[in-house]
Amino acid sequence: MANKTQIDELKITLLNRKETILNNVRNSRENIDQLKDQDLNDELDYADFVSDSFTEGMIANHQLDELNQIEEALKKINAGTYGICDMCGINIPIGRLKAKPFAKFCTECRTVYEQEQLKRVAY
Ligand SMILES: [Zn+2]
């Protein structure tokens, strides 16, 4: 089980990551705003603009998703339930938490979960 020092370290990692994502999202919003201010009369420019904002959107969505997971992990740290697998309730090994501080599942449950997701996509 992760001890207090290890959890404190992971909490700092999570908070730093959260800050990085918030900065990234803020920057990409500014980039899009700057693009919007430019003249988009040229058809080619417009195509570039659309694909850029599409990519920005994809990246932002991915980052917001990660942000949610970070928030959940931080809530769990405060509640004292951090590092416990959501599915089977065992303590997630510290090595796994260090690699992925917002991990919700232990390695075994993660595998099961991913297989379930794949099945859902197949339907
Ligand atoms: Zn588990």
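Helices and strands are taken here as DSSP runs, of at least four residues for a helix and at least two for a strand, numbered from the N terminus. On this basis, the span of residues 80–115 in the predicted model is 42% helix and 0% strand, and its end C-alpha atoms lie 29 Å apart. UniProt lists these residues, in an unreviewed entry, as "domain: Zinc finger DksA/TraR C4-type". A second annotation from an unreviewed UniProt entry, "zinc finger region: dksA C4-type", covers residues 85–109. Over residues 85–109 the chain is 36% helix and 0% strand, with the end C-alpha atoms 8 Å apart.

The chain as a whole contains four helices and zero strands, so that its elements, read from the N terminus, follow the order α-α-α-α. Of the 123 residues in the chain, 25% are buried. Among contacts with a separation of 6 or more, 53% are accounted for by residues 24 or more positions apart.

Confidence was examined for the chain and for its elements. The average pLDDT of the chain is 85, and 84% of the residues score at least 70. Helix H3, which comprises residues 94–99, has the highest confidence, at a mean of 94, whereas H2 has the lowest, at 81. Where pLDDT is low, predicted coordinates should not be read in detail.

The zinc site is formed by cysteine sulfur atoms. The SG atoms of Cys 85, Cys 88, Cys 106 and Cys 109 coordinate the zinc ion at 2.3 Å. Angles among the four donor atoms range from 104 to 116°, and the site is tetrahedral; the assignment follows because four donors count as tetrahedral if all angles lie between 85 and 135 degrees. Along the chain, the donors of the zinc ion are spaced as C-x2-C-x17-C-x2-C.

The accessibility of the four donors was then considered. Cys 85 has a relative accessibility of 3% and is therefore buried, since the class requires a value under 20%. Cys 106, with a relative accessible area of 2%, is likewise buried, and Cys 109 is buried at 9%. Cys 88, by contrast, has a relative accessible area of 42% and so is partly exposed, the value falling between the 20% limit for buried residues and the 50% limit for exposed residues. A disulfide is a covalent bond between the sulfur atoms of two cysteines. With a disulfide taken as a pair of cysteine sulfur atoms within 2.5 Å, the count comes to zero.

Two residues of helix H2 were examined individually. Lys 76 is found in this helix, which spans residues 43–79. The relative accessible area of Lys 76 is 17%, and the residue is therefore buried. Beyond its neighbours within four places in sequence, Lys 76 is in contact with Thr 81, Tyr 82, Asp 86 and Lys 104. Gln 63 is also found in helix H2 and is buried, because its relative accessibility is 11%. When residues up to four places away in sequence are not counted, Gln 63 touches Ile 21, Asn 24 and Val 25. The C-alpha atom of Gln 63 is separated by 8.7 Å from that of Leu 22, although the two residues are 41 residues apart along the chain.

A further pair of residues involves helix H1. Asn 31 lies in this helix, which runs over residues 4–37. At 36% relative accessibility, Asn 31 is partly exposed. The C-alpha atoms of Asn 31 and Glu 56 are separated by 9.1 Å, with their positions 25 residues apart along the chain taken as the sequence separation.

Note on methods:
Residues numbered from 1 in each chain as written. Predicted model: local features only at pLDDT ≥ 70, side-chain atom pairs only at ≥ 80, totals over all residues. Heavy atoms only, no water. Donors = N, O, S within 2.8 Å, 3.2 Å for Na, K, Ca; no water. Tetrahedral: all angles 85-135°; square planar, octahedral: opposite > 155°, others 65-115°. Buried < 20%, exposed > 50% of the residue type's maximum accessible area, 1.4 Å probe, protein only. UniProt positions renumbered as here; feature names shortened; annotations may be inferred. Contact = heavy atoms within 4.5 Å. pLDDT = per-residue confidence, 0-100.
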